Amino acid sequence: MINPKRAIALNNRRFSLRTLLVVPFVLQIVTAVGLVGWLSFLSGQKAVNEVATSLQTELAFRIQRELQGYFESPHSLNRLNSVSFVQGDIDFANAQNVAQFFQQVKISPYVDAVYCATQQEGTFLGVTRVFNEADFQIMLRNSETGGRMNLYSVDSLGNRRLFVEALRKYDARVRPWYKAAVQAERSVWSPVYLDFTTQLPTITASQPVYRETNGQLLGVCATDVILPKDFRNFLINLSIGESGHAFVIERSGSILSSSTDESLISGEGENAKLLQATNSSEPLIRETARQLQTQYGSFEGIQRSLKTEFILDGQRQFVQVLPFKDDRGIDWLIVVVVPESDFMGQIQANTRNTALLCAAALVGAIALGIFASHKISQPLLQVAQASEEIADGNLDQHLQPSSITEIERLSNSFNSMSGQLKDSFAALETKNEELRIAEENYRSIFQNALEGIFQASPNGHFINVNPAMARLYGYDTPEAMLNHMAAIGTQVYVNPESQVEFKRQLEQHGEVKNFAYQIYRQDGSIVWLEENTRAVRGKDGNLLYFEGIVEDITLRKREEEALKRTIEELRIEIDQKKLEQEVTRITESEYFKKLQDEVSNLHSDDV
């Protein structure tokens with residue numbers, strides 16, 4: 001149901017024709033251009049999502065393949081060195097010939113160090129790359145070094161040359177890589193740890209060496225891979241959008257490598273440890289790690305490749321996670337995160353172009369709407385002004401032709417209407433004058449009539465009476481009668497049966513003619529009235545009021561009564577004379593005479 005107040009408010013609203021012409025044009029263009037732009041944006045965004053997903057997947061698999069290249073050869077080198085270890089070809093005492101280790105490190109760009117250690121005395125021998133230099137050094141720890149790790153330079157054939165420096169005491173048997181191999185009794189990867197010499201994140205492929213005859217543990221051979229040295233350069237050089245990042249983390253959340261240049265070590269000296277991804281100084285890496293932890297509870301909960309996204313600084317970030325595992329203990333996560341904005345540059349440019357086109361279209365639409373509205377509204381304003389002049393009584397109005405066909409037809413119709421109005425007003429004025437004269441005549445008749453004239457409502461109240469009517473009821477003025485007469489039925493009729501008969505005839509015939517009845521006047525006297533009344537109905541047939549003429553017939557009624565009495569008296573007198581004549585006629589008749597004679601005879605006989 002419509003609220004009446006709201007309906008009134010809506011009816012009170014007014015809009016100019018210019019608004020109605022301009023606003024729809026503008027709305028149509030805004031809607032069309034906006035819809036096309038929005039659909040184009042959504043289509044582009046969908047394409048971006050697909051491209052981002054494809055790019056991330058490709059990057060993740062490239063990183064996976066690169067890692068696999070890093071971690072395949074170290075175990076092969078360990079197997080070769082284990083054979084040499086068992087055969088006694090490794091000179092743990094003097095380290096005079098380490099050509100085998102030297103060549104392995106030299107030809108393997110991903111290998112940082114190759115070495116073996118004995119179980120009995122913890123003797124250690126190997127070759128390592130010099131950090132930040134294109135050179136190699138021999139690492140030796142035996143009884144001659146006093147338990148320290150000594151470094152020696154090598155010649156081009158891998159022979160020991162000059163003493164370089166003595167490092168701190170070192171026992172390989174307590175190192176993670178050694179203990180992991182002994183505990184697993186097979187080739188394994190150690191947990192990631194900080195390298196003894198470089199203090200860089202290092203993972204070691206280690207293999208226990210057993211005596212073939214009795215299975216006695218002889219020691220462990222191992223190969224180091226320091227991730228940041230080569231793999232990090234690989235990540236940095238990857239094209240990951242404009243501001244995307246890739247990083248590799250352990251299940252504990254420690255960053256093993258990333259495409260940023262931030263340090264992956266937190267703390268110094270004995271307190272140094274791998275940086276947690278959730279504490280990274282790079283916001284994108286930090287927030288991605290936190291989002292993954294929040295979404296999956298922990299990094300341990302991510303057991304398969306997945307794609308997700310989150311919002312950072314109001315921008316959507318696409319995330320691809322790919323687990324990297326092998327059967328020797330590696331269980332890492334490769335994470336590639338790319339901001340949506342890296343792919344949205346062209347789409348945003350298209351959106352800006354669309355907005356500019358929309359603005360240009362709006363300006364054009366407004367200008368066109370203003371021009372069109374002026375061409376249309378100006379003639380209509382002339383029509384409105386001419387109409388107002390006609391409303392003010394100035395009927396002599398004429399509109400000029402228009403170049404618009406519809407406006408031309410409107411002007412012609414208005415001019416024709418104006419002419420017709422002039423004629424109609426002239427005729428109306430004549431009619432009004434005639435009606436005025438007729439009304440004056442009617443009013444004169446109404447006021448000066450000798451008969452009573454009245455109008456009464458259907459519920460029995462006088463609406464209007466003339467002076468003659470008031471006088472009939474004993475009132476000085478019509479106003480006094482209208483104010484005093486509350487109900488016709490209870491105050492007027494002497495005989496209630498007259499009222500019943502009056503109503504019956506009125507309801508049956510719609511009018512009453514020559515109906516005579518007695519009424520009480522204001523002073524209580526009784527007079528006779530004769531009434532002619534009819535029902536007045538509207539076009540819909542509903543009863544509006546009654547109107548009638550009343551005449552005082554009291555004198556006439558008195559004369560009729562007197563006449564009746566006279567006639568009655570004459571009738572009685574005539575009846576007596578007729579009786580006398582009849583008696584005379586009977587007594588003079590022969591029959592009567594005979595009767596008299598018979599009576600006389602009867603009397604004489606009796607005598």
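Let's start at the surface: lysine 513 comes out at 57% relative accessibility, so this residue counts as exposed, the cut-off being over 50%. The model here is a predicted one. Lysine 513 pairs with glutamate 511 in a salt bridge, with 4.0 Å between the closest N and O atoms. Its partner, glutamate 511, has 35% relative accessibility and therefore counts as partly exposed.

A little further along the chain there's another pair of this kind. Aspartate 523 and arginine 521 form a salt bridge, their closest N and O atoms lying 3.9 Å apart. At 58% relative accessibility, aspartate 523 is classed as exposed, while arginine 521, at 24%, is classed as partly exposed. Then there's a group that goes beyond a pair: Glu530, Arg556, Lys557 and Glu560 are tied together in a network of salt bridges. Across the structure, the salt bridges number 14.

Let's step back for the overall layout. The protein has 607 residues, and 39% of them count as buried. Its secondary structure amounts to 14 helices and 21 strands. If you take the contacts with a separation of 6 or more, 50% of them come from residues 24 or more positions apart.

Now turn to helix α6, which runs over residues 283-296. How far apart are its end C-alpha atoms? They are 20 Å apart, and that agrees with the expected span, because 14 residues at 1.5 Å a residue should also cover 20 Å. Several residues of α6 are buried, namely Leu284, Ile285, Arg286, Thr288, Ala289 and Leu292. In an α-helix, with 3.6 residues a turn, residues three or four places apart point the same way. What do the buried residues of α6 pack against? Their neighbours are strands β10 (245-250), β11 (255-258), β14 (306-312), β15 (315-325) and β16 (331-339).

Arginine 286 deserves a second look, since it's on the buried list of α6 and also has a charged partner: its side chain meets that of glutamate 287 in a salt bridge, 3.4 Å from N to O. Glutamate 287 itself is partly exposed, with a relative accessible area of 23%. Just after the helix, glycine 297 adopts a positive phi of about 85°.

Next, go to helix α12 (residues 496-509), where you'll find phenylalanine 502. Is phenylalanine 502 buried or exposed? With 8% relative accessibility, phenylalanine 502 counts as buried, because the cut-off for buried is under 20%. Leaving aside residues up to four places away in sequence, phenylalanine 502 touches Tyr493, Val512, Phe515, Glu531 and Thr533. Take glutamate 531 from that set: 29 residues separate it from phenylalanine 502 in sequence, and the C-alpha to C-alpha distance is 9.7 Å.

Last stop, the second largest pocket, which holds about 240 Å³ of space. It is lined by 15 residues, and the closest to its centre are Ile453, Phe454, Glu547, Gly548 and Ile549. Which elements give two or more residues to this lining? They are helix α8 (405-448) and the strands β17 (452-456), β19 (511-520), β20 (526-537) and β21 (543-552). Sorted by class, the lining has six nonpolar residues, five polar ones and four charged ones.

Methods
Residues are numbered from 1 along each chain as its sequence is written. This is a predicted model: local features need pLDDT of at least 70, side-chain atom pairs count only at pLDDT 80 or more; totals for chains, interfaces and linings use all residues. Side-chain values use heavy atoms; hydrogens and water are left out. Helices (H or I, at least four residues) and strands (E, at least two) are DSSP runs, numbered from the N terminus. The expected span of a helix is 1.5 Å times one less than its number of residues. Buried means under 20% relative accessible area, exposed over 50%, partly exposed in between (1.4 Å probe, protein chains only). Contact means heavy atoms within 4.5 Å. On a 1 Å grid over the protein atoms alone, a cavity is a set of points where a 1.4 Å probe fits but cannot get out, and a pocket is an open set with protein on both sides within 12 Å along at least five of seven lines; lining residues have an atom within 4 Å of a point. Grid points are joined across faces, edges and corners, and a volume is the space filled by probe spheres set on the points. Ala, Val, Leu, Ile, Met, Phe, Trp, Tyr, Cys and Pro count as nonpolar, Asp, Glu, Lys and Arg as charged, and the others, Gly among them, as polar.
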